[in-house]
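Biologist: I should like to learn how a structural model is read, feature by feature. Could we take the overall fold, the ligand site and the backbone in turn?

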Amino acid sequence: MLMACKGDQVERYLLPTVKGDKICAMAITEPGAGSDAASISTRAHLDGDEWVLNGTKHFISDGDIADYVILMALTDKDKRARGGITLFLVDRGTPGFKVARTQPMMGHRGYGHAELSFEDCRIPKAAVLGEVGAGFKLIMQSVLQIRLAHIGARAVGMAQRALEMMRRHAGERRQFGQLIGEFQMVQKLIADSATEIFGVKMMVMNAAWDIDQGRDARDKVSMIKVAASEMQGRVVDRAIQVFGGMGFSKDLPLERMYRDARVTRIYDGTSEIHRMLVARSTIKNGLQL
Ligand SMILES: Cc1cc2nc3c(=O)[nH]c(=O)nc-3n(C[C@H](O)[C@H](O)[C@H](O)COP(=O)(O)OP(=O)(O)OC[C@H]3O[C@@H](n4cnc5c(N)ncnc54)[C@H](O)[C@@H]3O)c2cc1C
């Protein structure tokens, strides 16, 4: 998304963020607008040479520590997703912009989540990211790669780690005088996990190839969002089962992985929303692979 930076935005935001010198948060969701992101109520209006921002965002990852946020706001309430939504670059410390509260989560505790408030927050006219009115389109274009890497590839990585843990344990732990990996019911947990990981990995690689070739991969990425997030949850759950009580204890990372996996069915579009998109497209066009 930062590829839309222009002029001095490149030096101020794009380059330091890529280098890791600045942290960016993406502020789209609001208490009243989640899955239906176009129904946001955060407004931006021009007053002379400045935009004036008013509204509240919540669940913003890294919102508590970000140096700046990419804020999605309404610039034309009648047009909304069709030209009425704009992205803004808003620096931490701008008067009127504050972290209202942190929002502790069940998982992903390695970073914070926050509610952000904007009250008559004034930013320069040049703080628009991309073009005025083009914000919704820009978000939708960018989330494709984010979903593929952040949900798809990462789910494969976490699931592979869980599989490797259960594989080793099945080959070491003995009960009833046997390795537990010799019990068919434990073998099923491993076989099902390996099979599902393979399936999602191939899906991710196939969609990445399509994107590299410039093809429209939106439907595939929605399928991957559903398949990867749900696969990851099932595989980590099976790993906990293979480890028995140890799997449930905090001595192993599996309980953390279980909590972290859960949210992937919710953010970046819930499973229900992506199923809806896949169904609509499949009913209209048939399955395009
Ligand atoms: C850990 C975490 C980190 C996050 N980070 C960010 C961030 O950095 N930036 C940001 O902007 N947001 C962030 N979010 C917000 C996240 O994107 C939203 O939570 C998500 O889009 C769902 O919106 P919602 O919570 O309002 O749920 P809702 O939209 O209220 O959905 C509630 C339920 O209704 C279902 N539903 C809604 N509409 C339909 C429909 N049309 N058909 C069928 N079912 C439907 C949903 O699938 C869900 O089951 C984060 C959330 C979490 C939990």
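**Reading the model**

Modeller: Of the 289 residues of the protein chain, 43% count as buried. Please keep in mind that this is a predicted model. The chain comprises 7 helices and 10 strands, and its C-alpha trace spans about 80 × 45 × 35 Å along the principal axes.

Biologist: What share of the contacts between residues at least 6 apart in sequence join residues at least 24 apart?

Modeller: In the protein chain, that share is 71%. As for the surface, the accessible area comes to about 15,500 Å², with 55% of it belonging to carbon and sulfur atoms.

Biologist: Let us turn to the ligand. How many residues surround the ligand, and which are the closest?

Modeller: The shell consists of 17 residues, the closest being M26, T29, S35, T270 and E272. By class, 10 are nonpolar, 6 polar and 1 charged. Strand 1 (24-27), strand 3 (50-61) and helix 7 (271-285) each supply at least two residues of this shell.

Biologist: Where does the ligand lie with respect to domain 1 and domain 2?

Modeller: The ligand lies between them, because domain 1 (2-133) and domain 2 (137-285) both give residues to its shell.

Biologist: Which side chains place a polar atom by an oxygen or a nitrogen atom of the ligand?

Modeller: A polar contact is read from the distance between N or O atoms, with a cut-off of 3.5 Å. Polar side-chain atoms of S35 and E272 lie 2.6 Å and 2.7 Å, respectively, from an oxygen atom of the ligand. For S61, a polar side-chain atom lies 2.8 Å from a nitrogen atom of the ligand. The protein covers 65% of the 980 Å² of accessible area that the ligand has on its own.

Biologist: How should one read the packing of a helix, and which residues of helix 6 are buried?

Modeller: Since an α-helix has 3.6 residues a turn, residues three or four places apart point the same way. In helix 6 (residues 254-262), the buried residues are L254, E255, M257, R259, D260 and A261. They pack against helix 2 (135-170), helix 4 (218-243) and helix 5 (245-248).

Biologist: Finally, the backbone. What is the phi of R80 and of H108?

Modeller: R80, which is not a glycine, has a positive phi of about 45°; H108, also not a glycine, has one of about 50°. R80 sits in the loop between strand 4 (68-74) and strand 5 (85-91), and H108 in the loop between strand 6 (97-102) and strand 7 (113-124).

Biologist: Is H108 buried or exposed?

Modeller: H108 counts as buried, because its relative accessibility is 10% and the cut-off is under 20%. R80 is partly exposed, with a relative accessible area of 27%.

Definitions and conventions: Residues numbered from 1 in each chain as written. Predicted model: local features only at pLDDT ≥ 70, side-chain atom pairs only at ≥ 80, totals over all residues. Heavy atoms only, no water. Near = heavy atom within 4 Å. Polar contact = N/O pair within 3.5 Å; in protein donor to acceptor, adjacent residues only side chain to side chain. Areas by Shrake-Rupley, 256 points an atom, 1.4 Å probe, with all protein chains shown as cover. Helix = DSSP H or I, 4+ residues; strand = E, 2+ residues; numbered from the N terminus. Nonpolar A, V, L, I, M, F, W, Y, C, P; charged D, E, K, R; others polar. Domains from an automatic or database assignment. Buried < 20%, exposed > 50% of the residue type's maximum accessible area, 1.4 Å probe, protein only. Contact = heavy atoms within 4.5 Å.
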